[in-house]
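The following exercises are to be worked with the sequence and the model at hand. Each task is followed by a solution in steps.

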Amino acid sequence: MKEKKISKNLQDNLITIGIVVVGYVIVTILSASGVLSNLLQGLLVPLCAYIILAVSLNLTVGILGELSLGHAGFMCVGAFTSAFFSKCTEGVITVAPLRFILALLIGSLTAALIGFLIGMPVLRLKGDYLAIVTLAFGEIIKNIMNVLFIGKDSAGFHFSMKDSLSLNMEPDGMVIINGAQGITGTPKDSNFTIGVILIVLTLLIVLNLINSRDGRAIMSIRDNLIAAESVGIHITKYKLMAFTISAALAGVAGVLYSHNLNSLMATPKNFGYNMSIMILVFVVLGGIGNIRGSVIAAVILTLLPELLRGLNDYRMLIYSIVLIVMMLYNWAPNMIAFRKRMANRFSKKKEVA
Amino acid sequence: MSLLSYLINGISLGSVYAIIALGYTMVYGIAKMLNFAHGDVIMVGGYLIFTFVSTLQLPVGLGIVLAVVLCTMLGITIEAIAYRPLRNAASSLAVLITAIGVSYFLQNVALIIFGANTKAFTSVVNAEPIKLFGDQITISGETIVTIISCIIIMTVLTLFVNRTKAGQAMLAVSEDKGAAQLMGINVNGTISLTFAIGSGLAAIAGLLLCSAYPSLTPYTGSMPGIKAFVAAVFGGIGSIPGAFIGGIILGIIEILGKAYISSQLADAIVFLVLILVLLIKPTGILGKKVQEKV
């Protein structure tokens, strides 16, 4: 019995990863045969980043049962720290894959550290505080990134919160983070293949976590905190664990995203509240707690508005309606009862016929 | 002298936060949910008054009354359509995500109707500024009206909750929904009433906010809304005097932070306050600690 269950999990996970791999093969063939437009090709790496973000947010929302509205903030941290690193070491480490791997480590570890620091005070509390604090955090990070100036010259690093002139650099100095203009000229170390590899890695981490002893402990906290506590599960530890991993994965998405851009800026559009909401819509539409659903929803909702250009003005409005309707449909007790009645009626009709 | 005028500006901004926070804290106390859309009702209130007074040229008083009534109805509608069906949902996340959806919906409807351009809001407050210390400090009419309205609203609301039957029903529902229902209290009606009051207050807050800071966009409400939530948490969520104190302190912190530290980081400072409060005293200044029973 036990073995059978494990193999079913394995089978499920293999299907999810298989979908990603098949998607990758199809896209590669299409792009080699020149069917994909330039626009769609440019969308491939951001799409990978969105998928990773959606999976990582689903870990927080679906598995841990807390709401994070600052996932774009963790992505921003990962993006900026890693782009900063890559730009500084561009002349020193010339092997691009090695540089990217180091950048990946730095981006994800910084995001994890910040997730840990934020989670520590907040996850001990009950209620909706995590949502509001992560929302606040996302805004803080965006604000700070817009006023941060860092430059490098022969004397070392210079740091300012005012403007690039007050960095007081030697003439040979180079401004690395230029306030609202962000980081320009990050080496383009990421591509679609790396993106897909990172998606598969993310899926392996998250799916393995869910099916492990730790993952079951995390889900038991979601389902009943008091019962979980009474059987000896360390609530704060497991909450922090899930949240930190989720933040680290959002950082990975940021690294991927930033190494595909020539100029990285912290605008409300890419790292603000809107982005966090968009990722939340992916998770809700794909099914809260359903990792495969997140992947599919991210793909559909990223490609659909690009294919239906005319809808662009109404895109956010449609997202908000999707959010409300999906929540009511899936979670309202009356709706659940209604759906059960309907299902019963239809199955009865079939028996009669 | 400049410190004094910063303090007065802070109290003025804080009074707006306090009015918004009152709505937040009442709804949180009774429905145990974070109404993310509250801030956007402020924005709707602002646009309604703008439409009535600037576009349709209605008398100011009539415009305000109409805006408050419409916002009240909006609040009741949102509660009935989006929140009530989810009140007994298995996960408390459900209603939170729906609230975010509603907030987003209101912003985007406003965006489509009014466009993304900033609308110049003409102040509807018609009061003479006061000059103190031989013209060294000027207190604008908006500031005076804001502070006075906040004190009046606070007093009326406290009296309403403590002295009237409907107010007592609110307290009972916030304490224990099931028991209140057994005592013959109409729980759904009471929650609707709370949303109605909160949304009406949001309309007034929108009016005061846009009079003091005369620019109106679809996102006008979201930041003050979130900050007012910070104020409500600061003062102790669920407590009416707490929302007032939290709002005033937060307003002062924001204005002083803007003046002495950095204007771009003022928001960050406010949110830092939230994280510090949650770290040191999560129940806020006047909040009660409630032990959860199994």
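**Exercise 1. Compare the span of helix H6 of chain A with its expected span, and list its buried residues.**

Solution. The model is predicted.
Step 1. Helix H6 of chain A covers residues 192-210, which is 19 residues.
Step 2. At 1.5 Å a residue, a span of 27 Å is expected. From the first C-alpha to the last, H6(A) reaches 27 Å, close to that expectation.
Step 3. The buried residues in H6(A) are A:Ile194, A:Gly195, A:Val196, A:Leu198, A:Ile199, A:Thr202, A:Leu203, A:Val206, A:Leu207 and A:Ile210.

**Exercise 2. Determine whether B:Val230 is buried or exposed, and place it among its contacts.**

Solution.
Step 1. B:Val230 lies in helix H9 of chain B, residues 222-235.
Step 2. Within 10 Å there are 28 other C-beta atoms. The cut-off for a buried residue is 20 or more, so B:Val230 is buried.
Step 3. Leaving aside residues up to four places away in sequence, B:Val230 touches B:Leu250, B:Val270, B:Phe271, B:Val273 and B:Leu274.
Step 4. In the largest nonpolar core, which holds 207 residues, B:Val230 is one of those that touch the most other members, together with A:Cys48, A:Ile51, A:Ile52, A:Ala54 and A:Phe282. From each of domain 1 (2-307) and domain 2 (316-353) of chain A, this core draws at least three residues.
Step 5. For A:Ala54, contacts beyond four places in sequence include A:Ile279, A:Phe282, A:Val283 and A:Gly286.

**Exercise 3. Describe how the two domains of chain A meet.**

Solution.
Step 1. The domain assignment divides chain A into domain 1 (2-307) and domain 2 (316-353).
Step 2. Taken over C-alpha atoms, the centres of these two domains of chain A are 33 Å apart.
Step 3. Four residues of domain 1 of chain A and five residues of domain 2 of chain A take part in the contact.
Step 4. On the domain 1 side there are four nonpolar, no polar and no charged residues.

**Exercise 4. Characterise the side of chain B that touches chain A.**

Solution.
Step 1. The contact joins 35 residues of chain B to 38 residues of chain A.
Step 2. Helix H4 (93-114), H9 and helix H11 (266-280) of chain B each supply at least two residues of the chain B side.
Step 3. H4(B) gives the largest share, 13 residues.
Step 4. By class, the chain B side has 27 nonpolar, seven polar and one charged residues.

How values were computed. Residues are numbered from 1 along each chain as its sequence is written. Chains are lettered from A and ligands numbered from 1 in the order in which they are written. This is a predicted model: local features need pLDDT of at least 70, side-chain atom pairs count only at pLDDT 80 or more; totals for chains, interfaces and linings use all residues. Helices (H or I, at least four residues) and strands (E, at least two) are DSSP runs, numbered from the N terminus. A residue is buried if 20 or more other C-beta atoms lie within 10 Å of its own, exposed if 12 or fewer, and partly exposed in between; C-beta atoms are placed from the backbone. Two residues are in contact if their C-beta atoms, placed from the backbone, lie within 7 Å. Domain bounds come from an automatic or database domain assignment. Ala, Val, Leu, Ile, Met, Phe, Trp, Tyr, Cys and Pro count as nonpolar, Asp, Glu, Lys and Arg as charged, and the others, Gly among them, as polar. A nonpolar core is a set of buried Ala, Val, Leu, Ile, Met, Phe, Trp, Tyr and Cys residues joined through C-beta atoms within 7 Å. The expected span of a helix is 1.5 Å times one less than its number of residues.
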